[in-house]
Amino acid sequence: MSRIAAILRRGFGVVREHVGTDHLGNKYYLIPEQKTWTGRIVRAKRIVEAANAKEYEYMEGSIPMEWDAWIRGRRKEPPSIEELLKNESSREQIKTKAKEVEEKDLALLAKEYKEGLVATPARTVAKGHAAATSFGKQEFNEEPTSTANTFQPGSWMPTSKKD
């Protein structure tokens, strides 16, 4: 059977084997290791056919972590549906627990502020950076400032600087 498959691959191009599809609609394929007609061995490849074929529509998280690990060769076997569902539910549990802890922490902090146990944080805003030459100085800009509705081209004239 492998000889027939090899002949078909040589004659009709690359044969890819569908491995699975995720809940987002991405399809995952395995191109098995094969020999070319010259006898050179081509390594096996793992590829994904994205549900969004346009690169500019790609968002982080468009490929589940388990499938990403399989594509990159960090795991030998593709993930099962049960594994994906189990991992997704555990991620949701972690998110809810983290939200609860954050709410408790904010409530405790508010209580400590109210009782005077902790000083309220000072809100200082410094413009620029201390290493900059203009730190703390207010510099006036002679560039024209206006809105797009009122500015007329050619209406601004630079001031002459005479020292």
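**Exercise 1. Salt bridges**

Determine how many salt bridges a search of the whole structure finds, and characterise those of Arg 91, Glu 83 and Lys 95.

*Solution.*

Step 1. The structure is a predicted model, and a search of the whole of it finds six salt bridges.

Step 2. Arg 91 and Glu 66 meet through their side chains in one salt bridge, at 3.3 Å from N to O. This pair links distant parts of the chain, since Arg 91 belongs to helix 3 (residues 81–115) and Glu 66 to helix 2, 25 residues apart. With a relative accessible area of 26%, Arg 91 is partly exposed; Glu 66, at 6%, is buried. Arg 91 and Glu 66 are also linked with Glu 88 in a network of salt bridges.

Step 3. Glu 83 forms a salt bridge with Arg 75, with 2.9 Å between the closest N and O atoms. Glu 83 is partly exposed, at a relative accessible area of 25%, and Arg 75 counts as partly exposed at 22%.

Step 4. Lys 95 and Glu 92 form a salt bridge at 3.9 Å, N to O; the cut-off is 4 Å, so this pair is counted. Both residues lie in helix 3, three residues apart, about one turn of the helix. Lys 95 counts as exposed, at 55% relative accessibility, whereas Glu 92 is partly exposed, at 37%.

**Exercise 2. Aromatic pairs**

Classify the ring pairs Tyr 28–Trp 67 and Trp 67–Trp 70, and locate their residues.

*Solution.*

Step 1. A pair of aromatic rings is described by the distance of the centres and the angle of the planes. The count for this structure is two aromatic pairs.

Step 2. For Tyr 28 and Trp 67, the ring centres are 4.0 Å apart and the planes stand at 5°, so the pair is stacked. Because Tyr 28 lies in strand 2 and Trp 67 in helix 2 (residues 65–71), the pair ties together parts that are 39 residues apart in sequence. Tyr 28 is buried, at 0% relative accessibility, and Trp 67 is buried at 2%.

Step 3. Trp 67 and Trp 70 form an edge-to-face pair, at 5.7 Å centre to centre and with 85° between the planes. Both lie in helix 2, three residues apart, about one turn of the helix. Trp 70 is buried, with a relative accessible area of 2%.

Step 4. Tyr 28, Trp 67 and Trp 70 thus appear as one aromatic cluster.

**Exercise 3. Strand pairing around strand 2**

Describe how strand 2 pairs with strand 1 and with strand 5.

*Solution.*

Step 1. Strand 1 (residues 17–21) and strand 2 (residues 27–31) run antiparallel and are joined by four bridges. Thr 21 stands opposite Lys 27 of strand 2.

Step 2. The hairpin of these two strands has five residues between them, and within this hairpin Gly 25 takes a positive phi near 100°.

Step 3. Strand 2 also pairs with strand 5 (residues 45–49), in the antiparallel sense and over five bridges. Here Tyr 28 stands opposite Val 48.

**Exercise 4. Overall layout**

State the order of the secondary structure elements and the share of buried residues.

*Solution.*

Step 1. The protein has three helices and five strands, arranged along the sequence as α-β-β-β-β-β-α-α.

Step 2. Of the 163 residues, 12% are buried. The protein exposes about 14,700 Å², of which carbon and sulfur atoms supply 55%.

Methods. Residues numbered from 1 in each chain as written. Predicted model: local features only at pLDDT ≥ 70, side-chain atom pairs only at ≥ 80, totals over all residues. Heavy atoms only, no water. Pairing = 2+ DSSP bridges. Buried < 20%, exposed > 50% of the residue type's maximum accessible area, 1.4 Å probe, protein only. Areas by Shrake-Rupley, 256 points an atom, 1.4 Å probe, with all protein chains shown as cover. Phe/Tyr/Trp six-rings, centres within 6.5 Å; stacked < 30°, edge-to-face > 60°.
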